Amino acid sequence: MGPRASGGIFTLQNAYKSFGESEVLKDLSFCIEAGERVAVIGPSGAGKTTLFRLLSAVLKPTSGQVTTLGRDTRRLRGRALHRLRRDIGVLYQNDNLIPHLRVVHNVLMGRLGDWSLARALVSLFWPQELHRAKAALQQVELAEKLWCMPGELSGGQQQRVAIARLIVQQPRVMLADEPVSQLDIRLGREIIELLCSIATSLGNTLLVNLHTLELLHGNFERVIALRSGQIFWQGPPSAITRELLQELYGAEYRAMHLDDVPLEQRA
Ligand SMILES: Nc1ncnc2c1ncn2[C@@H]1O[C@H](COP(=O)(O)OP(=O)(O)OP(=O)(O)O)[C@@H](O)[C@H]1O
């Protein structure tokens with residue numbers, strides 16, 4: 001069965017998440033279908049990263065239900081949890097690469113979920129499935145960096161290597177948590193467009209926690225706006241208004257220069 005045929009990829013039903021006394025996510029219910037490209041936006045502290053950690057089964061909900069790839073994350077342990085994580089590709093803001101491993105080994109980390117421990121160890125000396133690493137690096141236009149150390153690469157190139165690792169992993173879903181907030185707008189656009197095109201070519205579901213709202217248009221079909229741990233709004237990027245952003249971001253609106261963000265408004 002192809003990944004697009006499997007229906008709801010993420011389903012939240014009245015999901016809550018608390019840390020001690022502090023209720024960070026409150027009564028979240030929504031569904032993300034296979035193949036959707038969704039951006040999650042909202043002010044600092046709204047709960048976006050916590051939501052991503054619930055979806056990737058790193059955290060379990062305090063109450064309510066989170067279903068990822070058809071599995072209720074609260075019930076998963078051991079091998080079942082490992083299998084689920086193998087199907088989820090994660091990209092972070094930074095720290096995606098292991099600094100003392102060459103690019104080739106970082107890319108092949110994407111295969112760890114499928115390899116035995118012995119094969120993984122052998123690969124550190126004699127890279128296994130080298131052709132996969134080469135092909136993935138070619139796809140992100142970094143073929144010549146195969147034997148480089150991460151420290152020799154720019155921030156944008158490091159994110160591309162992390163994307164090559166995702167290509168090698170072939171996950172069913174990709175979660176990117178602020179993947180471009182360390183990059184300037186031009187490089188950020190390149191990385192988001194690359195992620196979207198790879199998600200589309202793999203038939204993958206993609207969720208991105210995005211601070212750079214200029215990058216919403218043309219890349220995402222749906223936007224989920226979180227505020228104070230709740231869904232404040234959701235809809236297509238073209239329906240976002242200046243008033244909505246002002247209300248969503250409150251005091252952060254000015255600091256984020258959101259007045260400068262072009263909106264795809266139709267009169
Ligand atoms: N492990 C934890 N223990 C205690 N509190 C936490 C933990 N993780 C997150 N929080 C709190 O939950 C709230 C939401 O944090 P989260 O990182 O999910 O927000 P965010 O929307 O991703 O913010 P930002 O855009 O600034 O990254 C914050 O108040 C944070 O302090």
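Two strands are taken to pair if DSSP finds at least two bridges between them, and the helices (H or I, at least four residues) and strands (E, at least two) are DSSP runs, numbered from the N terminus. The model is predicted, and local features need pLDDT of at least 70, side-chain atom pairs count only at pLDDT 80 or more, and totals for chains, interfaces and linings use all residues. Residues are numbered from 1 along each chain as its sequence is written.

**View 1. The open sheet of 6 strands and its edges.** The strands follow the order 6-7-8-3-9-10, and their pairing is mixed. Because strand 6 and strand 10 (230–235) each have a single partner strand, they stand at the edges, and one side of each is left without a neighbour in the sheet. Direction ignored, neighbouring strands of this sheet are turned by 20 degrees against each other on average.

**View 2. Edge strand 6 and its partner, strand 7.** Strand 6 pairs with strand 7 (residues 173–177) in the parallel sense over 4 bridges, and G89 has M174 of strand 7 as its bridge partner. Strand 6 (residues 88–91) is covered on both faces, with I88 and V90 buried on one side and G89 and L91 buried on the other; a residue is buried if 20 or more other C-beta atoms, placed from the backbone, lie within 10 Å of its own.

**View 3. Strand 3 beside strand 8, with helix 7 packed on the sheet.** Strand 3 (residues 37–41) and strand 8 (residues 205–209) are joined in the parallel sense over 4 bridges, and R37 stands opposite L206 of strand 8. Helix 7 packs on the sheet, where it touches strand 3, strand 7 and strand 8, and its direction makes about 160 degrees with that of strand 8. Contact between two residues requires that their C-beta atoms, placed from the backbone, lie within 7 Å.

**View 4. Packing of helix 6 against helix 7.** Helix 6 (residues 155–169) and helix 7 (residues 185–202) pack at an angle of about 5 degrees, their axes lying 10 Å apart; axes are lines fitted to C-alpha atoms, for helices over the stretch in contact, and angles run from 0 to 180 degrees between N-to-C directions. Helix 6 is therefore roughly parallel to helix 7, a term that applies to angles under 35 degrees. Helix 6 contributes G156, Q159, I163 and I167 to the contact, and helix 7 contributes L187, E190, I191, L194, L195 and I198.

Notes
Buried ≥ 20, exposed ≤ 12 C-beta atoms within 10 Å, placed from the backbone. Parallel < 35°, antiparallel > 145°, perpendicular 65-115°, else oblique.
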